[in-house]
Amino acid sequence: MDKNDYINHPEHYQGKRECIDIMIDLFGIEAVIGFCKCNIFKYRFRADKKNGEEDILKAQWYENKLSELLNMKKELHKNGQVY
């Protein structure tokens with residue numbers, strides 16, 4: 001598995017759908033937004049102590065997912081849908 005796949009789509013989080021997408025279904029967008037924020041903090045906090053660039057790239061992945069979820073939440077709210 002190349003390094004980018006390990007950051008963006010780790011094999012151990014794959015199934016018919018990615019784990020984080022199932023988390024949205026089970027726990028809702030708000031909970032997963034909080035999860036993303038915590039992971040961003042965790043990966044940036046430990047980057048210089050553990051996995052360096054890999055942790056920074058993981059933090060960036062969660063930042064992108066957070067942005068996606070915030071946009072999704074905004075669209076759902078705009079359309080009067082529950083999130």
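At 26% relative accessibility, Asp-21 counts as partly exposed. That makes a handy way into this structure, which is a predicted model, since Asp-21 takes part in a salt bridge with Lys-65. The closest N and O atoms of the two side chains sit 3.5 Å apart. The pair ties together distant parts of the chain, with Asp-21 in helix α2 and Lys-65 in helix α4, 44 residues apart.

Lys-65 itself deserves a look. Its place is in helix α4, which covers residues 53–78. With a relative accessible area of just 7%, Lys-65 is buried, because the cut-off for that label is under 20%. Leaving aside residues up to four places away in sequence, Lys-65 touches Ile-20, Asp-21 and Cys-36.

Lys-65 has another salt-bridge partner in Glu-68, and here the closest N and O atoms are 3.1 Å apart. This link stays inside helix α4, where Lys-65 and Glu-68 are three residues apart, or about one turn of the helix. Through shared partners, salt bridges join Asp-21, Lys-65 and Glu-68 into one network. Glu-68, at 39% relative accessibility, counts as partly exposed, while Lys-65 in that network is buried.

Helix α4 holds a further salt bridge, between Glu-54 and Lys-58, with 3.3 Å between the closest N and O atoms. Glu-54 and Lys-58 are about one helical turn from each other, because they lie four residues apart in α4. Both ends of this bridge are buried: Glu-54 has a relative accessible area of 19%, and Lys-58 comes in at 12%. Over the whole structure, a search turns up nine salt bridges, the ones described here among them.

Stepping back to the whole chain, there are four helices and zero strands. Read from the N terminus, the order of elements is simply α-α-α-α. The chain has 83 residues, and 31% of them are buried. Among contacts with a separation of 6 or more, 52% are between residues 24 or more positions apart. The accessible surface adds up to about 5,900 Å², and carbon and sulfur atoms account for 54% of that.

Helix α2 also has plenty to do with its neighbour in the numbering. Two packed helices are described by the angle between their axes and the distance between the axes. For α2 and helix α3 (residues 29–46), the angle is about 135° and the axes are 7 Å apart. That angle makes α2 oblique to α3. On the α2 side, the residues that meet α3 are Ile-20, Met-23, Ile-24 and Phe-27. Their counterparts in α3 are Ile-29, Ala-31, Val-32, Phe-35 and Cys-36. Cys-36 turns up again as one of the residues touched by Lys-65, and so does Ile-20 from α2.

There is also a surface side to this part of the chain. Ile-22, Leu-26 and Phe-27 make up a nonpolar patch on the surface, and together they offer about 330 Å² of accessible area. Ile-22 sits in helix α2, which runs over residues 19–27, and counts as partly exposed at 36% relative accessibility. Phe-27 thus shows up twice, in the patch and among the α2 residues that meet α3.

Methods. Residues are numbered from 1 along each chain as its sequence is written. This is a predicted model: local features need pLDDT of at least 70, side-chain atom pairs count only at pLDDT 80 or more; totals for chains, interfaces and linings use all residues. Side-chain values use heavy atoms; hydrogens and water are left out. Patches are made of residues with over 30% relative accessible area and no salt bridge: like charges are joined within 9 Å, nonpolar side chains (Val, Leu, Ile, Met, Phe, Trp, Tyr) within 5 Å. Accessible areas come from the Shrake-Rupley method with a 1.4 Å probe; for residues, only the protein chains shown count as cover. A salt bridge is a side-chain nitrogen of Lys or Arg within 4 Å of a carboxyl oxygen of Asp or Glu. Helices (H or I, at least four residues) and strands (E, at least two) are DSSP runs, numbered from the N terminus. Buried means under 20% relative accessible area, exposed over 50%, partly exposed in between (1.4 Å probe, protein chains only). Contact means heavy atoms within 4.5 Å. Axes are lines fitted to C-alpha atoms, for helices over the stretch in contact, and angles run from 0 to 180 degrees between N-to-C directions. Angles under 35 degrees count as roughly parallel, over 145 as roughly antiparallel, 65 to 115 as roughly perpendicular and the rest as oblique.
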